[in-house]
Amino acid sequence: MIVLGVILLAIGFVTGISILWTIGIILAVVGLILWVLGAMGHAVAGRRHYW
């Protein structure tokens, strides 16, 4: 999700399309929040383990 957000940020910046820029920021922030919660040991999306 973070990678997709960064890609959309780059495409939105290069092409000047503001909606891609906005969606990219949202995806990057949500991805970072989920990553931090997972690293802290919280269950993300109802899962404690990958298996």
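Trainee: In this predicted model, how many aromatic pairs does the count come to?

Mentor: The count comes to 1 aromatic pair. To read such a pair, one looks at the distance between ring centres and at the angle between ring planes, where anything from 30 to 60 degrees is called tilted. The rings of F13 and W21 have centres 6.1 Å apart and planes at 40 degrees, so this pair is tilted.

Trainee: Are F13 and W21 buried or exposed?

Mentor: F13 is exposed, because its relative accessible area is 62%, whereas W21, with 38%, is partly exposed.

Trainee: How do helix α1 and helix α2 cross?

Mentor: For a helix pair, one reads the approach of the axes together with the angle between their directions, and an angle over 145 degrees counts as roughly antiparallel. Here the axes of α1 (residues 2–15) and α2 (residues 18–39) come within 7 Å and cross at roughly 160 degrees, and the two helices are therefore roughly antiparallel to each other. Their crossing is left-handed.

Trainee: Which residues make the contact, and what are their classes?

Mentor: Among the residues in contact are I2, L8 and F13 of α1, together with W21, A28 and W35 of α2. By class, the contact has 14 nonpolar, 4 polar and no charged residues.

Trainee: What does I2 touch beyond its neighbours in sequence?

Mentor: Leaving aside residues up to four places away in sequence, I2 touches A28, G31, L32 and W35. The C-alpha atoms of I2 and W35 are separated by 9.0 Å, although these residues are 33 apart along the chain. I2, which lies in helix α1, counts as partly exposed at 31% relative accessibility.

How values were computed:
Residues numbered from 1 in each chain as written. Predicted model: local features only at pLDDT ≥ 70, side-chain atom pairs only at ≥ 80, totals over all residues. Heavy atoms only, no water. Axes fitted to C-alpha atoms, helices over the stretch in contact; angles between N-to-C directions. Helix = DSSP H or I, 4+ residues; strand = E, 2+ residues; numbered from the N terminus. Parallel < 35°, antiparallel > 145°, perpendicular 65-115°, else oblique. Left-handed = near helix turned anticlockwise from the far one by under 90°. Contact = heavy atoms within 4.5 Å. Nonpolar A, V, L, I, M, F, W, Y, C, P; charged D, E, K, R; others polar. Phe/Tyr/Trp six-rings, centres within 6.5 Å; stacked < 30°, edge-to-face > 60°. Buried < 20%, exposed > 50% of the residue type's maximum accessible area, 1.4 Å probe, protein only.
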